[in-house]
Amino acid sequence: MALGIYFMHGGFTPEKYKEAIKQLEVAGAGSPKGRSSHFALESDGAIQVFDVWDSQEDFDAFGKTLVPILTGLGVDLGAPMVATVYNVIAG
């Protein structure tokens, strides 16, 4: 069963998001195993992220690469909201 994971991190600006994406690509984690969808949302100069993952294990494995990158960029990491995907309607 898929998981929806939503992040609101402090100080996660569009510039830091772009740099995080570059660093993830360099680390070989730009399209990680188990992530089926990624959405970056911008509101009031802050980026929030919503991802859909196949499993908690896949998400946790990605976090081993992601967390040091975000920490290095000075992003204040917040706890993600994790929920089971109940339904998807495309279009």
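Which residues is F50 in contact with, leaving aside its neighbours within four places in sequence? The exercises below work on a predicted model, in which local features need pLDDT of at least 70, side-chain atom pairs count only at pLDDT 80 or more, and totals for chains, interfaces and linings use all residues. Residues are numbered from 1 along each chain as its sequence is written, and side-chain values use heavy atoms, with hydrogens and water left out.

**Exercise 1. Place F50 and list its contacts.**

Step 1. F50 sits in strand β3; strands are DSSP runs of E, at least two residues, and helices are runs of H or I, at least four, numbered from the N terminus.
Step 2. Contact means heavy atoms within 4.5 Å. Beyond its sequence neighbours within four places, F50 contacts G4, I5, Y6, S37, H38 and F39.
Step 3. F50 is partly exposed, at 29% relative accessibility. The classes are buried under 20% relative accessible area, exposed over 50%, and partly exposed in between (1.4 Å probe, protein chains only).

**Exercise 2. Describe the surroundings of Q48.**

Step 1. Q48 lies in strand β3.
Step 2. Its relative accessible area is 13%, so Q48 is buried.
Step 3. Not counting residues up to four places away in sequence, Q48 touches Y6, F7, M8, F39, A40, L41 and S43.
Step 4. The side chains of Q48 and Y6 make a polar contact at 3.2 Å. Such a contact is a pair of N or O atoms within 3.5 Å; within protein, one must be able to donate a hydrogen and the other to accept it, and residues adjacent in sequence count only if both atoms are side-chain atoms.

**Exercise 3. Analyse the crossing of α1 and α2.**

Step 1. The axes of α1 (residues 14-26) and α2 (residues 56-72) come within 10 Å and cross at roughly 135°.
Step 2. Therefore α1 is oblique to α2. Angles under 35 degrees count as roughly parallel, over 145 as roughly antiparallel, 65 to 115 as roughly perpendicular, and the rest as oblique.
Step 3. A20, Q23 and L24 of α1 meet F62, T65, L66, I69 and L70 of α2.
Step 4. These contact residues divide into six nonpolar, two polar and no charged.

**Exercise 4. What is the sign of phi at D44?**

Step 1. D44 lies in the loop between β2 (35-43) and β3.
Step 2. Its phi is positive, about 55°, although D44 is not a glycine. Most residues other than glycine have a negative phi.
Step 3. At 79% relative accessibility, D44 is exposed.

Technical notes
Axes fitted to C-alpha atoms, helices over the stretch in contact; angles between N-to-C directions. Nonpolar A, V, L, I, M, F, W, Y, C, P; charged D, E, K, R; others polar.
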